[in-house]
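Got the viewer open? Here is a short tour, one selection at a time.

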Amino acid sequence: MSPIILVAPAAFKGTLGPRQVAEAIAAGVRRAVPGATVLECPIADGGNGLLDVVLPAGALRERLQVTGPIGDSVSAEIGWIDGETALIESASACGLALVEPEDRDPMRTTTRGVGELIWTAADRGANTIVVGLGGTATVDGGTGAARGFGWTFENAAGEPLPDGGGALEELASFGSGWTVGARVVALADVATPLLGSEGAAPVFGPQKGARPEEIPHLAAGLTRLAELWARAGRPELGTMAMGGAAGGLGAGLAFFAKAELAGGAEWVLERAGFDADLVITAEGVFDKTSLVGKAPGEVVRRAQAARKKVAVVAGRVEGMVGVHAIAGNDDGRLLDGPALARMAEQVAREALHI
C-alpha cells in the first residue's frame, strides 16, 4: 500500500508563507516517493499565515482599510471560516512587516487597527472572532485595539493619551468602550506574561525596535496598565501566561474584549489529523524553543504521541536531539522553493529508508 505523508510546515518568515513551503516540500516528497499520498496541511501558531492555513478553499476574505501601526491607513483582512466565525491576523493590521526598519518604535506604534477589525467583524454578525496575535510591531498592552472599539485613556489631568506604549507611564484612568458582542479567542505562540523580567517589554521590545533605554519606560507603562486592571477586578492579567503576547495585546484583549487566550499551534492542529506514515514539518530556525508552544514543535509532539515517523526541514537546526532533521545552514531567508523541495526529497528518502 502506498504511504501517506502529511506535510505540515510553518512559514519561513520574510520569504515564503506556509502554503508556499508546503507546496515546495510536497513536490520534493512526490519525487522521492512517486506513489505516495501527500496531504498538505500548512500550519500557523497565531502569527503570519493564519488565514492561509485555516480558511477552507473558497472562503470569504474581506479587505478593509484600518489604522496601521504608525497611524497611517493599511489594508488588512478578515477571513470567514463560516457565516458566524471570523478570523483575524493582528499582523495584517499592526505587523512588524508594515513598518520600515528605521520607523520601528514601540513607544508609539499601535494595535488600533486590530480593534477596528474586531469591531467590524462583530458588527457584521460574527458570534466568534479568532485573533492571531503573532508578528506585531507593538508594545501597547492592547490599548490601541481597545481604542478601536471606543475605549479612552487619560492622564492625571484628564487629557487623552497618545497611542503607543510610551505614553502608558502617564495613564491615570480609562473609559469603557462599546461591548464587543462576540466571543473573542486570541491565539498566541508564546507563554510570555505581561510583566516581569521575562515580560513583554524586555522580551519583545528590542525585537520591535525599542532602544535599551526605552525598555524600562515600556515596562513601567505596562505595569501601570496592569495596576488599573487589578483595581477593575482583573489582578491576574499582569502575570497570566500568554498575556505578554504581541506586546501585551493578549492581556489587553482579555480585559477590553473579554477574550479567551489559547495556544495557536494547538488550536490550528486540532483541525489537522495525524493519520500518516510520515509527518514532515518545517520552519526557518528549528531549536529548543520550537518545542515550547510553536507550531512546528507542536507538530513534532503530536506526531510522536501518535507514534508516527516525523522529520523536520529547516533553514537552520540548533541543539536538537531525537528529531530527524535536515538543515540548509541558514535561517531560511536564503532558501527558495526548489531548495526546500530538494531537502524534502532527501528527508523523505532517509525517513522511509528508500
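What follows is a walk through a predicted model, starting at a pocket and ending at a helix.

**Stop 1: the second largest pocket.** Select Trp151, Ser176, Gly177, Trp178, Thr179, Val180, Ala182, Arg234, Phe255, Phe256, Ala257 and Lys258, which line the second largest pocket. The space in there comes to about 190 Å³. Colour the lining by residue type and you get seven nonpolar, three polar and two charged residues. Keep Trp151, Phe255 and Phe256 from this lining on screen, since the next stop uses them.

**Stop 2: the aromatic cluster.** Now show Trp151, Phe153, Phe174, Trp229, Phe255 and Phe256 as sticks: together they make one aromatic cluster. The structure as a whole has 11 aromatic pairs. Zoom in on Trp151 and Phe174, whose ring centres are 5.8 Å apart with planes at 65 degrees, so this pair is edge-to-face. Which parts of the chain does the pair tie together? Trp151 sits in the loop between helix H5 (143-147) and strand E7 (152-154), while Phe174 belongs to strand E8 (residues 173-175), so the link joins parts 23 residues apart in sequence. Turn on a surface to see how covered they are: Trp151 is buried at 11% relative accessible area, and Phe174 is partly exposed at 22%.

Next, pick Phe153 and Phe256. These two also pair edge-to-face, at 5.7 Å centre to centre and 85 degrees between the planes. Phe153 is in strand E7 and Phe256 in helix H8 (residues 245-256), so here the parts tied together are 103 residues apart in sequence. Both partners are buried: Phe153 has a relative accessible area of 3%, and Phe256 has 6%.

**Stop 3: helix H8.** Stay with Phe256 and select the rest of its helix. How many of the residues of H8 are buried? The count is 12 of 12. Among them are Ala245, Gly248, Leu253 and Phe255. Step just past the end of H8 and click Lys258, where phi is positive at about 55 degrees. Lys258 is also one of the residues lining the pocket from the first stop.

**Stop 4: Arg224.** Jump to helix H7 (residues 215-231) and pick Arg224. Buried or exposed? Arg224 is buried, with a relative accessible area of 18%; the cut-off for buried is under 20%. Leave out its neighbours within four places in sequence, and the contacts of Arg224 are Leu168, Glu169, Leu171, Ala172 and Arg231.

**Stop 5: Asp277.** Next, find Asp277 in the loop between helix H9 (264-269) and E11. Asp277 is partly exposed, at 38% relative accessibility. Draw a C-alpha to C-alpha distance from Asp277 to Ile4: the two are 5.3 Å apart in space but 273 residues apart in sequence. Setting aside neighbours within four places in sequence, Asp277 touches Ser2, Pro3, Ile4 and Lys309.

**Stop 6: helix H11.** Finish on H11 (residues 337-352), which has 16 residues and spans 22 Å from first C-alpha to last, close to the 22 Å expected. Highlight its buried residues: Ala339, Leu340, Ala341, Met343, Ala344, Glu345, Val347, Ala348, Ala351 and Leu352. What covers them? The cover includes strand E1 (4-7), helix H1 (18-32), strand E11 (278-286), strand E12 (309-317) and strand E13 (324-327). Show those elements as cartoon around H11, and the tour is done.

Notes
Residues numbered from 1 in each chain as written. Predicted model: local features only at pLDDT ≥ 70, side-chain atom pairs only at ≥ 80, totals over all residues. Heavy atoms only, no water. 1 Å grid on protein atoms, 1.4 Å probe; cavity = no way out; pocket = protein on both sides within 12 Å on 5 of 7 lines; lining within 4 Å. Points joined across faces, edges and corners; volume = space filled by probe spheres on them. Nonpolar A, V, L, I, M, F, W, Y, C, P; charged D, E, K, R; others polar. Phe/Tyr/Trp six-rings, centres within 6.5 Å; stacked < 30°, edge-to-face > 60°. Helix = DSSP H or I, 4+ residues; strand = E, 2+ residues; numbered from the N terminus. Buried < 20%, exposed > 50% of the residue type's maximum accessible area, 1.4 Å probe, protein only. Expected span 1.5 Å × (residues − 1). Contact = heavy atoms within 4.5 Å.
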